[in-house]
Every structure is written in structure tokens, then in C-alpha cells.
Amino acid sequence: MTYQEFFNKIKAQFADKDVSGISEHLAFQFNITGEAEGIFYAEVKDGKLFIEPYEYYDRDAIFIASAKTFEKILEGKLDPVLAFTLGKLKIDGSIEKALRLKDLI
């Protein structure tokens with residue numbers, strides 16, 4: 001799988017996600033390692049979710065993992081906390097904000 005294919009899959013999966021209940025601003029950057037290597041970000045702002053294939057410099061947290069790990073997390077097959085505990089997911093930044101990832105899944 002290429003980065004573009006992976007990114008398109010993620011963007012399509014979250015295109016209709018309702019984040020209107022999230023009042024705070026959240027900005028996460030995802031660094032994909034290995035196959036489909038690349039960077040994208042997800043931002044919740046004013047009750048809307050934006051997912052773009054760029055680096056986000058004013059982010060709350062960076063998630064670093066393989067495309068397979070991200071797929072499992074985003075499909076609900078792998079708990080992000082368990083992935084972090086097992087060393088499959090690395091987090092840099094605010095752990096408190098990073099835990100809000102579950103609200104987006």
C-alpha cells in the first residue's frame with residue numbers, strides 16, 4: 001500500500017465523522033513508518049474534523065506507528081492505550097490530549 005492509498009482510505013473513513021460534541025481544539029499529527037511512510041494530521045476545530053496530508057506544527061501530540069498499527073487502531077481492532085503499552089505506538093506531546101484520540105475513533 002502506498003502512502004496516498006493509505007491516506008485516502010483514512011480520509012474517506014472519517015469523512016462523515018460527527019465531532020460536533022468536541023468543544024476543545026485538538027490537533028494530532030500521524031507519522032507513518034515503514035510501508036506507506038508519510039505524515040498527515042487530524043484537527044478538530046469549531047466542531048469540524050479536518051484531515052490533511054501535511055505536517056502540523058502547532059499540534060497537541062504526534063502519534064508514530066506503522067500503517068498496519070494505525071489501521072487496527074482506527075478500525076477499533078486495537079486499543080490505542082494497549083498499542084502504546086506494547087510499544088507499537090509512540091506518542092510525543094500531551095498525553096492528556098492524546099487520550100482524546102479515542103473520541104475520534
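These questions and answers walk through a predicted model of one chain.

Reader: How many helices and strands does the chain have, and in what order do they run?
Author: This is a predicted model. The chain has 5 helices and 5 strands. From the N terminus on, the order is α-β-β-β-β-α-α-β-α-α.

Reader: What radius of gyration does the chain have, and what does the globule rule give for 105 residues?
Author: The C-alpha atoms fill a box of roughly 35 × 30 × 25 Å along the principal axes. The chain is as compact as a globular protein of that length, because its radius of gyration is close to the value from the globule rule. For 105 residues the rule gives 13 Å, and the chain has 13 Å.

Reader: Which share of the contacts with a separation of 6 or more comes from residues 24 or more positions apart?
Author: Start with burial: 40% of the 105 residues in the chain are buried. Then take the contacts with a separation of 6 or more. Residues 24 or more positions apart account for 65%.

Reader: How far apart do the centres of the positive and negative side chains lie?
Author: The accessible surface comes to about 6,000 Å², and carbon and sulfur atoms hold 51% of it. As for charge, there are 14 positive and 18 negative side chains. The centres of the two sets lie apart by 4 Å.

Reader: Is Gln 29 buried or exposed?
Author: Gln 29 sits in strand E1, residues 26-33. It touches residues further along the chain, including Ile 39, Phe 40, Tyr 41, Ala 61, Ile 62 and Phe 63. The cut-off for burial is under 20% relative accessible area. Gln 29 has 1%, so it is buried.

Reader: Which side chain makes a polar contact with the side chain of Gln 29?
Author: Two polar partners are worth checking. The backbone nitrogen of Tyr 56 lies 2.9 Å from a polar atom of the Gln 29 side chain. The side-chain partner is at 3.0 Å, and it is Arg 59.

Reader: Which residues of H2 are buried?
Author: H2 spans residues 67-74. The helix is mostly covered, with 6 of its 8 residues buried. The cover includes helix H1, E1, strand E4, H3 and helix H5. The buried residues are Ala 67, Thr 69, Phe 70, Glu 71, Ile 73 and Leu 74.

Reader: Which residue follows H2, and what is the sign of its phi?
Author: Look just past the end of H2. Phi there is near 80 degrees, so the sign needs no further check. It is positive, and the residue is Gly 76.

Reader: Which side chain does Lys 77 meet in a polar contact?
Author: Lys 77 is in the loop between helix H2 and helix H3. With 65% relative accessibility, Lys 77 counts as exposed. Its side chain makes a polar contact at 3.4 Å with the side chain of Glu 75.

Reader: Ala 36 has a positive phi; is Ala 36 buried or exposed?
Author: Phi of Ala 36 is near 65 degrees, and the residue is not a glycine. Ala 36 lies in the loop between E1 and strand E2. Its relative accessibility is 8%, so Ala 36 counts as buried.

Reader: Asp 46 also has a positive phi; is Asp 46 buried or exposed?
Author: Phi of Asp 46 is about 55 degrees, although Asp 46 is not a glycine. Asp 46 lies in the loop between E2 and strand E3. Exposed means over 50% relative accessible area. At 72%, Asp 46 counts as exposed.

How values were computed: Residues numbered from 1 in each chain as written. Predicted model: local features only at pLDDT ≥ 70, side-chain atom pairs only at ≥ 80, totals over all residues. Heavy atoms only, no water. Helix = DSSP H or I, 4+ residues; strand = E, 2+ residues; numbered from the N terminus. Rg over C-alpha atoms; globule rule 2.2 N^0.38 Å. Buried < 20%, exposed > 50% of the residue type's maximum accessible area, 1.4 Å probe, protein only. Contact = heavy atoms within 4.5 Å. Areas by Shrake-Rupley, 256 points an atom, 1.4 Å probe, with all protein chains shown as cover. Lys, Arg positive; Asp, Glu negative; His and termini not counted. Charge placed at Lys NZ, Arg CZ, Asp CG, Glu CD. Polar contact = N/O pair within 3.5 Å; in protein donor to acceptor, adjacent residues only side chain to side chain. Lists of a residue's contacts leave out its neighbours within four places in sequence.
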